[in-house]
Amino acid sequence: MLPRIEEGPASIAGGVLKEGALADQQGTATAGEPEVLRQTQYKDSSKLARRANIHKYGRSPIGWFDWVAREAQLPDGADVLEVGCGPGWMWTAEGFSPSLSLTLTDISSGMLEEALPRVSGLGRYRAVAGQVADARTLPFETGRFDAVLACHMLYHVPNPGRALAEMVRVLRPGGVLAVTTNGDDNMGEMYMLAHRAWGAPERDPAGLAFGIDAAAMEMAPLLSGVTVSTFADELQVTDGEDIVATLTSYPPGDEATEAQLATLRAAIAEGMRGDGAFHIRKRQGLVRGIRLE
Ligand SMILES: C[S@@+](CC[C@H](N)C(=O)[O-])C[C@H]1O[C@@H](n2cnc3c(N)ncnc32)[C@H](O)[C@@H]1O
């Protein structure tokens, strides 16, 4: 059992609580956001799980995390850093080589408390350690890792360019950086429902904040051989309440009024009238590059 990790400057490495690592609280206009995120949205995995549930309706023959394992092309035996690991679900995918040694990091101690026992409990990887860390100030020496992965997290970082520079810094020359995010057209049919019901953005907020194109543009000057792979799928949602659960798992949907929820449910029912399913097209991507010598 891992120790309870108090909010505030602290880190865990190999399950041992240590003082220290949560750095950068200094002042940009958005510097408070990571603090809010780790204490609310990502205090634990419950809200993320509510959103992730909708992906069970996907039709792709390969699951998302196995696809990431295939496209990231991590070198055998690599010493890998994951930034923003969340509850560590990704490493349960069988596509990753057991030869990897993993260092899991997240700004949320609650997420790490879930991720570390989950991933080390698999008994599959060469080594598993973890530490609370902000992507903008990674507490690792320059050139320490063979590969860095940052999956669906850079859109939360107030200055993603700074986080990318940190990820490149901790990579050895020739090491691999792989970043995943959404296209701004991802799940547009679903976001349009939220737009109509309570005026949320018409498009995927993550894709708008730091989508596939932004990732490719920001990574191109920092790395060599930058490539973009796309994961396209279609969800055929047969229980409309799973859409409601997704859209009410984060602001402003988490404070939707009864009238707004009724509008949402009516629009979902209308969309399901044809064949009994609400169709949502997904477009996610992985951007990969190699650290220059
Ligand atoms: C959408 S979840 C993705 C989790 C996991 N990578 C996955 O793909 O399932 C985003 C994660 O990024 C973390 N995060 C947000 N801002 C961060 C930051 N500045 N530094 C490190 N982690 C951060 C959150 O705590 C959360 O666990």
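## Two helices that cross

Helices H6 and H10 lie oblique to each other, a description that applies here to a predicted model. Helix H6 covers residues 188-198 and helix H10 covers residues 258-271, and their axes come within 8 Å and cross at roughly 140°. That angle is therefore counted as oblique, since the class of roughly antiparallel is kept for angles over 145 degrees. In general, two packed helices are described by the angle between their axes and the distance between the axes. The crossing of H6 and H10 is, in addition, right-handed.

On the side of H6, the residues that take part are Leu193, Arg196, Ala197 and Trp198, and they meet Gln260, Thr263, Leu264, Ala267 and Ile268 of H10. Sorted by class, this contact of H6 with H10 is made of six nonpolar, two polar and one charged residues.

## The chain as a whole

The chain has 293 residues, of which 41% count as buried, and its secondary structure amounts to ten helices and nine strands. When contacts between residues at least 6 apart in sequence are considered, 75% of them join residues at least 24 apart.

Two pairs of residues illustrate how positions separated in sequence can be placed in space. Leucine 37 and histidine 156 are 119 residues apart along the chain, while their C-alpha atoms are separated by 8.3 Å. Histidine 55 and leucine 235 are 180 residues apart in sequence, and the distance from C-alpha to C-alpha is 6.9 Å.

## Surroundings of leucine 37 and histidine 55

Leucine 37 belongs to helix H1 and is partly exposed, with 16 other C-beta atoms within 10 Å. If its neighbours within four places in sequence are left aside, leucine 37 is in contact with Tyr42 and His156. Histidine 55, by comparison, sits in the loop between helix H2 (46-52) and H3, where histidine 55 is partly exposed, with 18 other C-beta atoms within 10 Å.

## The shell around the ligand

The ligand is surrounded by 23 residues, and the closest of them are Tyr42, Gly84, Gly86, Ala135 and Met153. Helix H1, which runs over residues 33-39, gives the most to this shell, with three residues. By class, the shell holds 14 nonpolar, five polar and four charged residues.

## Backbone details in the loops

Most residues other than glycine have a negative phi, and most peptide bonds are trans. Against that background, three places in the loops deserve a look. Glutamine 73, although it is not a glycine, has a positive phi of about 50°, and it is found in the loop between helix H3 (64-72) and strand S3 (79-83). Methionine 187 also has a positive phi, near 50°, and is likewise a residue other than glycine; its place is the loop between strand S7 (171-182) and H6.

The surroundings of these two residues fall into separate classes: glutamine 73 is partly exposed, with 13 other C-beta atoms within 10 Å, whereas methionine 187 is buried, with 25 other C-beta atoms within 10 Å. The remaining place concerns the peptide bond from proline 251 to proline 252, which is cis, with omega near 0°. Proline 252 lies in the loop between helix H9 (241-247) and H10.

Key
Residues numbered from 1 in each chain as written. Predicted model: local features only at pLDDT ≥ 70, side-chain atom pairs only at ≥ 80, totals over all residues. Near = placed C-beta within 6 Å. Helix = DSSP H or I, 4+ residues; strand = E, 2+ residues; numbered from the N terminus. Nonpolar A, V, L, I, M, F, W, Y, C, P; charged D, E, K, R; others polar. Buried ≥ 20, exposed ≤ 12 C-beta atoms within 10 Å, placed from the backbone. Contact = placed C-beta atoms within 7 Å. Axes fitted to C-alpha atoms, helices over the stretch in contact; angles between N-to-C directions. Parallel < 35°, antiparallel > 145°, perpendicular 65-115°, else oblique. Left-handed = near helix turned anticlockwise from the far one by under 90°.
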